[in-house]
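Subject: Structure for your review

Dear colleague,

Please find below the structure that I am handing over to you. My findings follow directly after it.

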Amino acid sequence: MTNETPVLIVGGGGAGLTCSMLLSTLGVEHVLVSSLPGTSILPKAHVLNQRAMEILGDVDVAEQIYAKSTPAENMAAMGWYAGFLGPDPDFGRLIAKVESWGCGYTNLNWMQASPCRSANLPQIRLEPILKARAEELNPGAIRFHHELIGLEQDRDGVSARIKNHDTGAEYSARARYLLGCDGGRTVPKLAGVGYEGLGVISQTATAHVSADLSKVARDPDVLIRWIWCPAIGALAVLVPMGPMRRRHWRKRSGQFSAASFAPAVMANPGE
């Protein structure tokens, strides 16, 4: 038996779920499949720009995102620091700070550019909001743990082979259009599309931790902290991840993601 749909979306992250919501609001039937059992378990990307928030407003999730986002006044700048904490009195010294994201949406140019301000909500917190809305708009057609394992394209559309990892069963789907929203992990290979360019140029290590850093992260307007660590010769990045609004973190533990960068080390694509 072949499932027929005008559009097949492959990938259930931010891109795929947003495509699904937009198609639903336009009345376009579709099915979304994702090989993963659920939404992201890691913070990943976190800043949503003004245009992104306009689009998310069109599908009625912007206010939910703002409710869980870092408040505007706490994402007005980026800072560079000489270390973060340690016995040397120079550790934690602010080297430079620059206005970012419209200085917390107070810069007139940014305010004129869009009625929506930027937001900060990592994918681990964002994707469940998007998934719930996509399922609300298109019940039964948002299929996680369903993996695209084969595809063939002809002049009229695409024939896909999909595996349901919950049952082990495989089934066919026929669509006029297939949207590859899986970060290039599956669709290009199945379509015979190769990669060009520099490829891997760096490696990152990410730690997702819960800690109250309010006493040492002393600049409340700084969202992203670039920290030079001379003892190990590496640059680290500290970013608040939620889930609580940052103004509450002084009372409760806040979750941060710290990523250290080692120059000239290779990694796998997509990491």
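The accessible surface of the protein comes to about 15000 Å², and carbon and sulfur atoms contribute 55% of that area. Please note that the model is predicted. Of the 271 residues in the protein, 42% are buried.

With regard to secondary structure, the protein contains seven helices and 14 strands. Among the contacts with a separation of 6 or more, 63% are made by residues 24 or more positions apart.

I examined helix α2 in more detail. This helix covers residues 50-58, and Gln50, Met53 and Leu56 are buried within it. Viewed down the axis of α2, the buried residues fall within an arc of 120°, so they line one face of the helix. The general background is that an α-helix has 3.6 residues a turn, so residues three or four places apart point the same way. Arg51 and Asp58, on the other side of α2, are exposed.

Both ends of this helix deserve a remark. At the N-terminal end of α2, Asn49 acts as a cap: one of its side-chain oxygens lies 3.2 Å from the backbone nitrogen of Arg51. After α2 comes Asp60, which has a positive phi, near 65°.

Finally, I turn to the aromatic rings. A search of the whole structure for aromatic pairs found zero. The ring of Phe144 does, however, have a charged partner: the charged end of Lys131 sits over this ring, 5.1 Å from its centre.

Yours sincerely

Conventions
Residues numbered from 1 in each chain as written. Predicted model: local features only at pLDDT ≥ 70, side-chain atom pairs only at ≥ 80, totals over all residues. Heavy atoms only, no water. Buried < 20%, exposed > 50% of the residue type's maximum accessible area, 1.4 Å probe, protein only. Helix = DSSP H or I, 4+ residues; strand = E, 2+ residues; numbered from the N terminus. Arc of directions from axis to C-beta. Polar contact = N/O pair within 3.5 Å; in protein donor to acceptor, adjacent residues only side chain to side chain. Phe/Tyr/Trp six-rings, centres within 6.5 Å; stacked < 30°, edge-to-face > 60°. Lys NZ or Arg CZ within 6 Å of the ring centre and 35° of its normal. Contact = heavy atoms within 4.5 Å. Areas by Shrake-Rupley, 256 points an atom, 1.4 Å probe, with all protein chains shown as cover.
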